[in-house]
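User: I am new to this structure and would like to go through some of its features. Could we begin with a helix?

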Amino acid sequence: MNESLTVERYQKALPNLGRLGSWTDASALVHQAPRPEAAGDQIKVIKTACRACIANCGVLATVKNGRVVSLRGNPEDPMSKGRMCAKGLSGIQALYHPNRNKYPMKRVGPRGSGQWKRISWEEALDTIARKLMETKETYGAEAVFCSTGGGGNPEIWSIARFCNIFGTPNWFEPGCAQCYLPRVLAYTMMYGGVDPSIADSNALELYFPDETPIKALVLWGTDPSYSCPASGGGMVVDLRAKGVKTVVIDPRFTPDAAKADVWLPVRPGSDVALLLAWIRYILEHKLYDEDFVMKWTNLPYLVDVETKMLLRAKTSDDPNQPDTFMVWDKKTNAPQPLEYPWNDALDPALVGAFQVDGRTCKTGFQLLWERCEPYNLEKAGELCWLDPARIEAAIRIYAENTPSGLALGVATDQTPNSVQAAMAAATLDLLMGNVERPGALLQRFRTSGCFDMPNYPVPIAADRLPPEQLKKRLGYQDHKGLGIWYAGHPSSILNAILTGKPYQPRVWIDRSGNKLGATADSQLWEKAIHKLDFIVHVYMYPTSFSAYADILLPSEEWLETDMLVETCNTLMARQQVTHLWETMDETLFWSKLAKKCGELGHEACKKAFDPAYMGHDLAYWDSMEEFLDHWVGRLGMTWKEFAAKAPIEYLPRDQWRSYGVYLQPDPKNGGKPAGFPTPSKKCEVYLESMITLGRTGKPFSPIELEPAAVDYDPLPYFLEPAESPLPGSEVAAEYPLVLTGGRVPFYHHNTLRNIPWLREMYPAPELWIHPQAAQTYGIAQGDWVWVESRRGKTQAVAKLTQGINPGTVYMERFWNPETLNTATHGWREMNVNMLTKASAPFNDVVGTYTLRAFQVKVTRADAPPDGVWLDPEDFKPWLPIPAEPTREVQV
Amino acid sequence: MRQFTFVVDVDRCIGCKGCQVACKLENDIALGEGRNKVCTIGPNGTYPDLELYFLPTMCQQCENPACVQACPTGACYKREADGVILVDQEKCVGCGSCRRACPYDMIRPNRELRMADKCTLCTQLRAAGDTPACVRNCAGGALHYGDLGDPHSEVSRLLAETDPQAVHTLQDFGNRPTVRYILRRDHWVDVLPQHCVEHSAHRRGGRKA
């Protein structure tokens, strides 16, 4: 080594500086220069929980002199175990984003002009409340509607609560019937416990891999590596490492598909045909758990084939006692009542058709068999674009390695066959007896008891909505399954705005990311927006939707919010790590708005602040601390005391995991087994209550409603997509490829497209296309392409991959915050929802529209859309600008 | 001799790229740059019979490092105490020699400081008894680090219990990389990180993120 070669001499000696050019471009591409720690620095580490998606991973946030400088996973979180993903680790870039909504703003130019004026919270709330009151008095409260969704929200129930108290039946989210509700509904109605969605932080049995005896896991339309890498993603890795077999059903060759024992690249939209084939195979080969099916499902019960209702020997007036149902007893060769829970003297037939009092009756099992009988392996192979031998191998893994479990993801929620997919998936685990036993995903583990509502503590106050208002809920009449979340139907709201029928919605308060990025057929929503009198947008930063708003309100990023989080047997505190500008927690915002409406004379809003009147619905709160004190009060603590100790284990693991709840003696029912929380206390594979739901709205509606146009089917059925690629399809002649969607690990829904670290990794939506299809349409790797459906066209970047069927393409959701102030407002360039379908057919039960499984064509584009950012340096204007903490706004 | 390095259980990597952001957050890395990169290897084969795995890449902490040999100022050196290759900021002149010499393109420019930048296995964290940011945040538990010179270290034990057939390194050009990759179920593909393009939407040169 030449010791005398100094820096100066070396630089002088350089013959040319060409190569150095790129090294010495000293443009600031880091968010802050590293600062050495100085004496007197105030450094705090705060235990909080992420909310960059819905997984709530535990986080240790380091705050130095009032600024958040570092994030890391908290190993005390039993699900994420100290890990964080790209989304969560970008939290500081989101928090200190230069384009945060900082203050309430009111529009001063025409809609879309981007001209705004800062106003006070007082003025904003007053303006909104006056508009709401004026609208209510002139047109009725139902002319106001609210929405949420799109990611980044601390909870969703505040919106429904406000609507119920204000008196409008119309709130919606673009998720809901398109995301999660179909699964919640089916599993709730069929066995009464938690659904097996990994991305929704369920399947908790699996998070202690050394302790669970599960032997085979089916990931159906879900990829935890993409959707929740730090929690579910890591968990599936642990299971595979200990030898758990996995089957992945996904059109895409995802990370979990790549590591599966069998991958079934199902044709998008054909999942129910495949599920029925699985059921058929399991029935045909008697692979089900016969003892469980006989004793703990309603499949031996007799069904009147004409009325489709179960035969009852006796109805019960006692809510603790189920009705007594009829079976066909093989010993006496006669119909016999089966007293709950079981009668050893009887030998009920599982299969068969019988005459009872001159009426033809069949067992539920028989009807299930008849429903799936047409779907043999060959038929499923044909419909689903799969090799029958591989379908069989997959079923065998699932059925011969018990306990096993089927985790159903969001994919099937995004087509009009949604509820039936969830019913069929639940049927499989119930047939296999994969319920409430060690290793099963379907469980009723104990909870902390701190919440009355699922997942989020805000009480929805459903009974506060007057019955005559409930009847005006748009789309509810036909899609009564929405009642489980008390929600309206997006397309019915859209049509009401566009047509004025059955009445004209006029005022929209939205608290979500970008409705133009998240709702199907965005261009129709833009038309609807122009018909509205008044729009309020509440979010952390402006999105395409903000361009059309009249008032913009700044909500808090997750590092600014407080919330109680339950994760397995642990309670965590999401804690305010800092507070910036005049942002407000949305859980507080709706309370402030209700208060203002009360001051302007809204009686129900006024009464909503009276604890005696609100009772278990909880009076509205003036601060987050007051709100949270109530819930952690159940632990005998204040929020401050809890937050100082959290995370806490509220129960030891072995007590929290309460297996076999249905077998526990029920003192209210003479010590008989408790059974399942369904009308029959059995697992209702033949879902009679689906018929009742369609005819009356029960059990979710507090009042009896008029029947839906068609009866809901008690068994799952396959519905071929309205736009089908199968031979004979008219639409496929022009639009030959079937499109599917799905996650990448860098974004949650429509969030985070403004984060430099994430956009530099994934700057534009990819369109996955098989090389053979790409060749047919003249597309090369990395080409910009147009993707076009009957509804619209948009752009993406072609990724040629063997990991997709030649007839299928995949496109990621997107919008472009960098073009917000252009004519497109950032939602037209690369938005898959320009293509999706908001029109009928809808799912009968919940009204799901078509986000996946419709037809598109793909052509080469000459260039990327104007103005979009693609190179890492492009995102420099979005690098964070740290700000000093501020006090909460008092209003 | 002590040799701290990474042992990567490739079967456990799910390609989430959290390690890239963890590194950027910990080490204040500029846009367009990075000390590590998860490469997607595949899918290889013909639909639907495919293989795909994710390969986290970073400085390979070579035994015979080309970067150290190429450095004209002695800034780039292999530290005796732990075998980790570091760049002395007092001595680095930003000439780029080390970068050109690295067979894996794992030395990157720090344009702000006009110097070479590379993975240090988070020296600052290890000095405080902590683990490198990428290891700590790895969602799949794929990344391990430790001293290969210590037969009792976690990484040495992990390698000892693994079928030697399943243990791989990036291509050795005589520089003798020390990072070990464990790949049990798929076929190893000999690629260099700089040839892996993770997203094709960038238009104007720069590094493929």
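**Helix H4 and its surroundings**

Analyst: On the other side of H4(A), away from its buried residues, Glu137(A) and Thr138(A) are exposed. A residue is exposed if 12 or fewer other C-beta atoms lie within 10 Å of its own, buried if there are 20 or more, and partly exposed in between, with C-beta atoms placed from the backbone. Helices (H or I, at least four residues) and strands (E, at least two) are DSSP runs, numbered from the N terminus. This is a predicted model: local features need pLDDT of at least 70, side-chain atom pairs count only at pLDDT 80 or more, and totals for chains, interfaces and linings use all residues. Residues are numbered from 1 along each chain as its sequence is written, while chains are lettered from A and ligands numbered from 1 in the order in which they are written.

User: Which residues of H4(A) are buried?

Analyst: They are Ala124(A), Leu125(A), Ile128(A), Ala129(A), Leu132(A), Met133(A), Thr135(A) and Lys136(A). Seen down the axis of H4(A), the buried residues fall within an arc of 165°, so they line one face of the helix. The arc is that of the directions from the helix axis to the C-beta atoms.

User: What do the buried residues of H4(A) pack against?

Analyst: Their partners in chain A include strand S6 (144–149), helix H5 (157–166) and helix H20 (586–599). Two residues are in contact if their C-beta atoms, placed from the backbone, lie within 7 Å.

User: How far apart are the end C-alpha atoms of H4(A)?

Analyst: They are 26 Å apart, which agrees with the 27 Å that the 19 residues of H4 (residues 121–139) should span at 1.5 Å a residue. The expected span is 1.5 Å times one less than the number of residues. Just after H4(A), Gly140(A) takes a positive phi of about 100°.

User: How do H5(A) and H20(A) cross?

Analyst: Their axes come within 9 Å and cross at roughly 10°. That makes H5(A) roughly parallel to H20(A), a term for angles under 35 degrees. Axes are lines fitted to C-alpha atoms, for helices over the stretch in contact, and angles run from 0 to 180 degrees between N-to-C directions. Among the residues making the contact are Phe162(A) of H5(A) and Trp590(A) of H20(A).

User: Now the sheet. In what order do S1, S2 and S3 of chain A lie?

Analyst: The 3 strands form an open antiparallel sheet in the order S1-S2-S3. The edge strands are S1 (43–49) and S3 (67–73), each of which pairs on one side only. Two strands pair if DSSP finds at least two bridges between them. S1(A) and S2 (residues 58–64) pair over 7 bridges, and Val45(A) has Thr62(A) in S2(A) as its bridge partner.

User: Which residue in the loop between S21 and S22 of chain A has a positive phi?

Analyst: Cys568(A) has a phi of about 50° although it is not a glycine, and its loop joins strand S21 (563–567) and strand S22 (570–574). Most residues other than glycine have a negative phi, and most peptide bonds are trans. Cys568(A) is buried, with 20 other C-beta atoms within 10 Å.

User: And where in chain B are there cis peptide bonds?

Analyst: One joins Gly42(B) and Pro43(B), with omega about 5°, and Pro43(B) is in strand S2 (residues 37–46) of chain B. The bond from Tyr47(B) to Pro48(B) is also cis, with omega near 0°. Pro48(B) lies in the loop between S2 and strand S3 (49–57) of chain B.

Key: Parallel < 35°, antiparallel > 145°, perpendicular 65-115°, else oblique.
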